[in-house]
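Biologist: Please take a close look at one part of this model for me. I would like the sheet first, then the unusual backbone spots.

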Amino acid sequence: MTSVNNTIAQLTLTPVGDTADSGVCTSDLVKSPWDLDTGLPSYGPGSSMDDVAPEDTPQQGVIPEKYRTADDAELDERIRAAQETLGERLVVLGHFYQRDEVVQYADFIGDSFQLANQALNREEAEYIVFCGVHFMAETADILSKDAQKVILPNLAAGCSMADMADESSVEECWEQLEEIYGTEADSEGRVPVIPVTYMNSSAALKAFVGRNGGIVCTSSNATTVLEWAFERGQRVLFFPDQHLGRNTAKALGIDLEQMPLWSPAKPLGGNTPEALQNAKVLLWHGFCSVHRRFNTGQIDKARAEYPGVNVIVHPECPMEVVDAADSAGSTDFIQKAVAAATEPTTFAIGTEINMVNRLADQYPQHTIFCLDPVICPCSTMYRIHPGYIAWVLEELVAGRVVNQISVPATDAANARVALERMLAAKP
Ligand code: CIZ
């Protein structure tokens, strides 16, 4: 069986497809992220390069030249030596979407749910170096013990989807919803609205849902979390990812007409009071720039070229893509689906390219390729580079903590409530 292994070798890539962004996507970031880390707020080359980054997006300062000019072998030596010196005092966590050059140093690789559990349970580690993006490091800080320090190797590793819902817009939305629905529970004790935030959101928003009776979800437990919410509320405000919200609610049998989109810049989110009265799930106008690139044309093409292909996509993809796929699920679901195939199978996968390429390498008996022929990586995940890892680790060896992610105590306490509800709601 051939392994169709997509690479990120192209430097200038023109997106295709009706839902793709209009700009040009480049993978220059792969080589030298520090060239981008001194400029204006932006997500850098990659899938979210056309998204507007908030003014206060964390920026990464310049790191010493020795890390910027070192070759792969030298960085490898430095990182491994520092890991050896720090021993049990250090744990390195890596997200599935990180590239291989990074995850090779991880003590544990997983999705945000699994990584949150690691942060909760690695009590022996003084330092948690998080190879992922900002909201994941915040979650690790919230769940870990006070004495533990969480470090994000590059502060510019954010998430454009998480930035699409900010605290003040959500508070404003909440006030409008309270005016429409009131605050009284119905005869079954269900409150008018339960806020549900996707893990891909700031700690401030996790705190918001914590203090308003809500809960966090990830793509691996969104169904369980929505069921939890409907036991306690008449409807749900779901942010920031409209697609995960819509796909999950639709699978639970909720009518599309009862899922209005909430556009934060418009009064009542752009809805009529009647539409809001009828609503079961209010979907925030947010999306993942990697996953919205997938379209049904790509699925048709895969089916035409590879009869019998098994198409698996992530639920952050648009609804019509999820509907046209054979199955949809989180990164953990995708990984398990490939691992479970006993016969050589062709898989067309709709999620971030690093994970697809890793699966293709791990399972050479299968043909595995990314549905999107234009390799447009997650720009923020790419901000983590071995050069930054070497820098933060050698600073730790020298007794200095750089790039610590520390959530203010009040937010941390409220966010923890929402996260613990999620961990407890696990099926
Ligand atoms: O939850 C995560 O880690 C993300 C971003 C996706 C997934 O499906 O695991």
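Before that, what radius of gyration would a compact globule with 427 residues have, and what does the protein have?

Modeller: Keep in mind that this is a predicted model. For 427 residues, a compact globule would have a radius of gyration near 22 Å. The protein has 21 Å, which agrees. Along the principal axes, its C-alpha atoms fill a box of roughly 65 × 55 × 40 Å. Buried residues account for 52% of the 427 residues. Take the contacts with a separation of 6 or more: 69% of them join residues 24 or more positions apart. The protein contains 17 helices and 13 strands.

Now the sheet. It is open and has 4 strands in the order 2-1-3-4, with parallel pairing. Strand 2 (108-110) and strand 4 (149-151) form the edges, each pairing on one side only. On average, neighbouring strands of this sheet are turned by 25 degrees against each other, direction ignored. Helix 4 (residues 112-121) packs on the sheet. This helix touches strand 1, strand 2 and strand 3. Its direction makes about 145 degrees with that of strand 2.

Next, one pairing within the sheet. Strand 1 covers residues 90-95, and strand 3 covers residues 127-131. They pair in the parallel sense over 5 bridges. Gly 94 stands opposite Cys 131 in strand 3. In general, strands of a sheet pair through backbone hydrogen bonds, either parallel or antiparallel.

Now the backbone spots, beginning with a cis peptide bond. This bond runs from Phe 239 to Pro 240, with omega near -10 degrees. Pro 240 sits in the loop that links strand 7 (233-239) and helix 10 (242-251).

Positive phi comes next. Leu 268 has phi near 50 degrees, a positive value in a residue other than glycine. Its loop lies between strand 8 (261-262) and helix 11 (273-278). With 17 other C-beta atoms within 10 Å, Leu 268 is partly exposed. The reason is the cut-off: 20 or more would make a residue buried, and 12 or fewer would make it exposed.

Asn 403 also goes on the list. Its phi is near 55 degrees, again positive in a residue other than glycine. Asn 403 lies in the loop between helix 16 (386-397) and helix 17 (409-425). There are 23 other C-beta atoms within 10 Å of Asn 403, so this residue is buried.

Definitions and conventions. Residues numbered from 1 in each chain as written. Predicted model: local features only at pLDDT ≥ 70, side-chain atom pairs only at ≥ 80, totals over all residues. Pairing = 2+ DSSP bridges. Helix = DSSP H or I, 4+ residues; strand = E, 2+ residues; numbered from the N terminus. Axes fitted to C-alpha atoms, helices over the stretch in contact; angles between N-to-C directions. Contact = placed C-beta atoms within 7 Å. Rg over C-alpha atoms; globule rule 2.2 N^0.38 Å.
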